[in-house]
Amino acid sequence: MTAVIRLPLPARAQGRSLRVPRSGPRLALLGTGTVGSAFVERCERLRAQGVEVPAFAWLSNTRALREAGGRPSEALAQLDAAAPVRRDTWAPWVESEGLRPGDVVVDATASDSVAGWHSEWLARGIHVVTANKLGNGGELVRAQAIAEAQEEGGARYGDSATVGAGLPLLRSIRELMAGGDRICSVSGVLSGSLAWLFDRHDGSRPFSALVREARDLGYAEPDPRTDLSGEDVRRKLLILARAAGLALEAGQVQVDSLLTDALASAEAGEVDALLPSLDAPLHDRLMKAGAGGARLRFVGGFDGEGARVGLDALPASHPLCAGGGTDNIVAIGSCRYAQQPLVVRGPGAGADVTAAALLDDVLAIVHR
């Protein structure tokens, strides 16, 4: 493994006042897929229950942008019905609508170009709440720019939805660090979709059939290769490592992909037909693990020796085998938790829990 160099990232801004408009903060949502739609629905439901939720200024996707006008559900329906268009960037949508200091941009996309704007908004005093892993889980220079922009603009960055769908993973690591602890290792099942797949992969059904079912249930992306390649877990591991003060580059994480070469290089339209190429090799690994009383779990972790993502055969008694369904399970080792790691476990996939994590971050920011 490649050795990890410990270089603390710039500290978050603390206690800096913001120029909040008299009308109060507004929400701007980018991305109206399953997570974005669930976010709008949750905001409206809590608002109806009397919870003070900021009003939507506008919602957008790659097809169009609509002002909310006090009726975000209607704007959402209009966006879903908008005709598809070819567009390479979201930037014109964002900059045309006059975001103001104190507003909150909610990034429910998986767009690299949108993640590239996070530091720009923060530097201008605009809060960012995100489920997009390509901010702190992308290139190290981008993650460092996000940390520096928070100091420059005094805005806050809510990223709890990027790992564990809002489980208190990032918060636990950051609070331990703030209390003077030092994170020595993190190891866990970080993908809800892969957790679900290997929880059900018992040899009774082809692995490819399980992948299709996970996709239909919304646990996996339409193109499941982001999960199967290990890239999604690598991004989450980078986010956790950087929160722990490790200036970890993406290339320093060893990734053992599940994909065959043909599946990895295939066009998007060819993926479904090639999924059965995974069945035989994963069945063999399942049989070998079972013969030794072990279970297959897709694990990401880092320690003083390096960082790795891949499929492991673990003893059935191992803490990372305790979960079921889409559960994420993460063991955090630190100076405080040297003898026994701190273990966080809970559902790590699904639009509803991810949307709830986004709104939790929004409310924590605006009610601070």
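The following paragraphs lead through the predicted model, from its overall make-up to its two sheets, its helix packing and two individual residues.

This is a predicted model, in which local features require pLDDT of at least 70 and side-chain atom pairs count only at pLDDT 80 or more, whereas totals for chains, interfaces and linings use all residues. Residues are numbered from 1 along each chain as its sequence is written, and side-chain values use heavy atoms, with hydrogens and water left out.

The protein contains 15 helices and 12 strands; these are DSSP runs numbered from the N terminus, with helices (H or I) of at least four residues and strands (E) of at least two. Of its 368 residues, 52% are buried, a term that denotes under 20% relative accessible area, as against over 50% for exposed and partly exposed in between (1.4 Å probe, protein chains only). Among the contacts with a separation of 6 or more, 68% are between residues 24 or more positions apart; a contact here means heavy atoms within 4.5 Å.

One open sheet has 6 strands in the order β3-β2-β1-β4-β5-β6, with mixed pairing; two strands are said to pair if DSSP finds at least two bridges between them. Strands β3 (65-67) and β6 (157-158) form the edges, and each has a single partner strand, so one side of each lacks a neighbour in the sheet. Strand β2 (residues 56-60) runs antiparallel to β3, to which 3 bridges join it, and W58 is placed opposite E67 in β3. Helix α2 (residues 72-81) packs on this sheet, where it touches β2 and β3, and its direction makes about 15° with that of β2. Such angles run from 0 to 180 degrees between N-to-C directions, the axes being lines fitted to C-alpha atoms, for helices over the stretch in contact.

Helix α2 also has a helical neighbour. Its axis and that of helix α1 (residues 34-48) come within 10 Å and cross at roughly 165°, which makes α1 roughly antiparallel to α2. Angles under 35 degrees count as roughly parallel, those over 145 as roughly antiparallel, those of 65 to 115 as roughly perpendicular, and the rest as oblique. The crossing of α1 past α2 is left-handed, meaning that the near helix is turned anticlockwise from the far one by less than a right angle, while a clockwise turn gives a right-handed crossing. From α1 the contact draws on S37, V40 and E44, and from α2 on P72, S73 and L76. By class, these comprise 3 nonpolar, 2 polar and 1 charged residues, where Ala, Val, Leu, Ile, Met, Phe, Trp, Tyr, Cys and Pro count as nonpolar, Asp, Glu, Lys and Arg as charged, and the others, Gly among them, as polar.

Helix α1 packs against helix α15 (residues 351-366) as well, at an angle of about 60° and with the axes 8 Å apart. The two helices are therefore oblique to each other, and α1 passes α15 in a right-handed crossing. In α1 the participants are T34, V35, A38, F39, R42, C43 and L46, which meet A351, D352, T354, A355, A356, L358, L359 and V362 in α15. This contact divides into 11 nonpolar, 2 polar and 2 charged residues.

A further open sheet of 6 strands follows the order β8-β10-β9-β7-β11-β12, again with mixed pairing. Its edge strands, β8 (253-255) and β12 (342-347), each pair on one side only, and the twist averages 25° from one strand to the next. Within this sheet, 8 of the 10 residues of strand β9 (residues 294-303) are buried, so β9 is largely enclosed by the rest of the structure. A hairpin joins β9 to β10 through 2 residues, and 10 bridges link β9 antiparallel to strand β10 (residues 306-315). L296 faces A313 in β10, and G301 has R308 of β10 as a bridge partner. Strand β7 (residues 183-189) pairs with β9 in the antiparallel sense over 3 bridges, and S187 has G301 in β9 as its bridge partner. Helix α8 (residues 192-200) lies across β7, β9, β10 and β11 (327-334), running at about 155° to β9. Helix α14 (residues 279-291) packs on the sheet too, touching β9 and β10, with its direction at about 95° to that of β9.

Two residues complete the account. G153, in helix α6 (residues 140-153), is buried at a relative accessible area of 16%. Its C-alpha atom is separated by 5.3 Å from that of R124, 29 residues apart along the chain. A165 is situated in the loop between β6 and α7 (169-178). Although A165 is not a glycine, its phi is positive, at about 50°, and with 10% relative accessibility A165 counts as buried.
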